[in-house]
Amino acid sequence: MDRSLVLGYTTIGLAVRRALPGWPADPLPRSLADRHVLVTGASSGLGIATVEGLVDLGATVHMLVRDEAKGARVLDEISASRSAAGLRLWRCDVGDLDDVRRFAADFAAEVPSLHAVVHNAGAMPPERAESPQGHELSMAVHVLGPVVMTEALRGPLAGGRVVLVSSGGMYGQPLRADDPEYRKGDYSPTTSYARSKRWQVEMAPLLGERWAPDGITVAVMHPGWADTPGVQESLPRFRSITRPVLRDDAQGADTSVWLAAVEPAPPTGRFWHDRVERPTSLLPSTRPSGDVRAKAWAWLQDAAGLGG
């Protein structure tokens, strides 16, 4: 169904899969009780739905937002609707690596044990933009920020999980290790977004190896076509055509919540959609060689300051 896009990525695909035998079981009720989970981009769309799903499983959820006032409103709404006491608000610009390191130090000082982090924060600037450190913004928010944050939280996150929210759009893009900052050619926001999501998927196995000594697993997922604020603002024509079959936020966030909570933890470095592992490439032209992946890994290590 995924190769057809419409059947696999919409409410149709999710409804069919849930009705078929073999649909992976839901996490047990209260399976995250007494556990702490961090969610980035927690004040809109998939982020809110992810927070709600984790709260429903008993987690203490740390909501990481860039706009603190907006985040506070969302926290109050979730607390009122779910009688959720286990919510905490934090502020950080995930695209600013200095701010990420500042946040991670503050967080680690207060939260000694972190079960999972869901890297959901996203950006699709209409024109090429750069982070304070001079990195193309999509790459900074989707790749560098999450990697730097996870690296800085390896202590509290020992034995825990990392979930990266990707996009099915990455299937249309190769791994551009030759141009990670999108300096060549005419800039396209959708292409930039998809390229950065391809980076998430291709780097996940290598990040999984790096963090395995701490018992940290890495999973990448894509939510299908969900009616998120990002789609509403950046892809209005696409939304007008597909709106009747777009997933709601809870449907889009389902696999993120499942990956954070299911026991045992899923194998590290894999790519998931609707609770099932999926291939990372559908076309030979988007499947990177070992040399391309190694070049991309070397760039990421340098840009994120991983130190080899």
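This passage describes the nonpolar cores, a surface patch, the salt bridges and some backbone features of a predicted model. In this predicted model, local features need pLDDT of at least 70 and side-chain atom pairs count only at pLDDT 80 or more, whereas totals for chains, interfaces and linings use all residues. Residues are numbered from 1 along each chain as its sequence is written, and side-chain values use heavy atoms, with hydrogens and water left out.

The largest nonpolar core holds 51 residues, and Leu38, Met203 and Leu300 touch the most other members. A nonpolar core is here a set of buried Ala, Val, Leu, Ile, Met, Phe, Trp, Tyr and Cys residues joined through side-chain atoms within 4.5 Å; a residue is termed buried under 20% relative accessible area, exposed over 50%, and partly exposed in between (1.4 Å probe, protein chains only). At least two residues of this core come from each of helix H5 (97-110), helix H6 (137-152), strand E5 (161-165), helix H7 (189-211), strand E6 (217-221) and helix H11 (290-303). These elements are DSSP runs numbered from the N terminus, with helices (H or I) of at least four residues and strands (E) of at least two. A second core, separate from this one, has 31 residues, including Val37, Val39, Leu54 and Ala260. Contacts (heavy atoms within 4.5 Å) were also computed for leucine 300, which, when its neighbours within four places in sequence are left aside, is in contact with Val143, Leu144, Val147, Met203, Gly305 and Leu306.

On the surface, Ile12, Val16 and Leu20 make a nonpolar patch of about 220 Å². Patches consist of residues with over 30% relative accessible area and no salt bridge, where like charges are joined within 9 Å and nonpolar side chains (Val, Leu, Ile, Met, Phe, Trp, Tyr) within 5 Å; accessible areas come from the Shrake-Rupley method with a 1.4 Å probe, and for residues only the protein chains shown count as cover. Valine 16 belongs to helix H2 (residues 11-19) and, with a relative accessible area of 34%, is partly exposed.

The structure holds 25 salt bridges, each defined by a side-chain nitrogen of Lys or Arg within 4 Å of a carboxyl oxygen of Asp or Glu. One of them joins the side chains of aspartate 99 and arginine 91 (3.1 Å, N to O); aspartate 99 counts as buried at 10% relative accessibility, whereas arginine 91 counts as partly exposed at 31%. Another salt bridge brings together the side chains of glutamate 263 and arginine 161 (3.1 Å, N to O). Because glutamate 263 lies in the loop between helix H10 (249-261) and E7 and arginine 161 lies in strand E5, this pair ties together parts that are 102 residues apart in sequence. Glutamate 263 is partly exposed, at a relative accessible area of 49%, while arginine 161 is buried, at 5%. A further bridge links the side chains of glutamate 277 and arginine 270 (3.0 Å, N to O), and here glutamate 277 is partly exposed with a relative accessible area of 39%, as is arginine 270 with 32%. In addition, Arg18, Asp26, Asp254 and Arg275 are joined into one network by salt bridges that share partners.

Polar residues are also found in buried positions. Histidine 273, in strand E7 (residues 270-273), is buried with a relative accessible area of 0%, and its side chain makes a polar contact with the side chain of aspartate 274 (3.5 Å). Such a contact is a pair of N or O atoms within 3.5 Å; within protein, one must be able to donate a hydrogen and the other to accept it, and residues adjacent in sequence count only if both atoms are side-chain atoms. Aspartate 179, placed in the loop between E5 and H7, is buried with a relative accessible area of 5% and touches Lys184 and Arg195, not counting residues up to four places away in sequence.

Three backbone features complete the description. The peptide bond from glutamate 263 to proline 264 is cis, with omega near -5°, and proline 264 is found in the loop between H10 and E7. Arginine 30, although not a glycine, has a positive phi of about 60°; arginine 30 lies in the loop between H2 and strand E1 (36-40) and is exposed, with a relative accessible area of 55%. Tyrosine 182, likewise not a glycine, has a positive phi of about 55°, is found in the loop between E5 and H7, and counts as buried at 6% relative accessibility.
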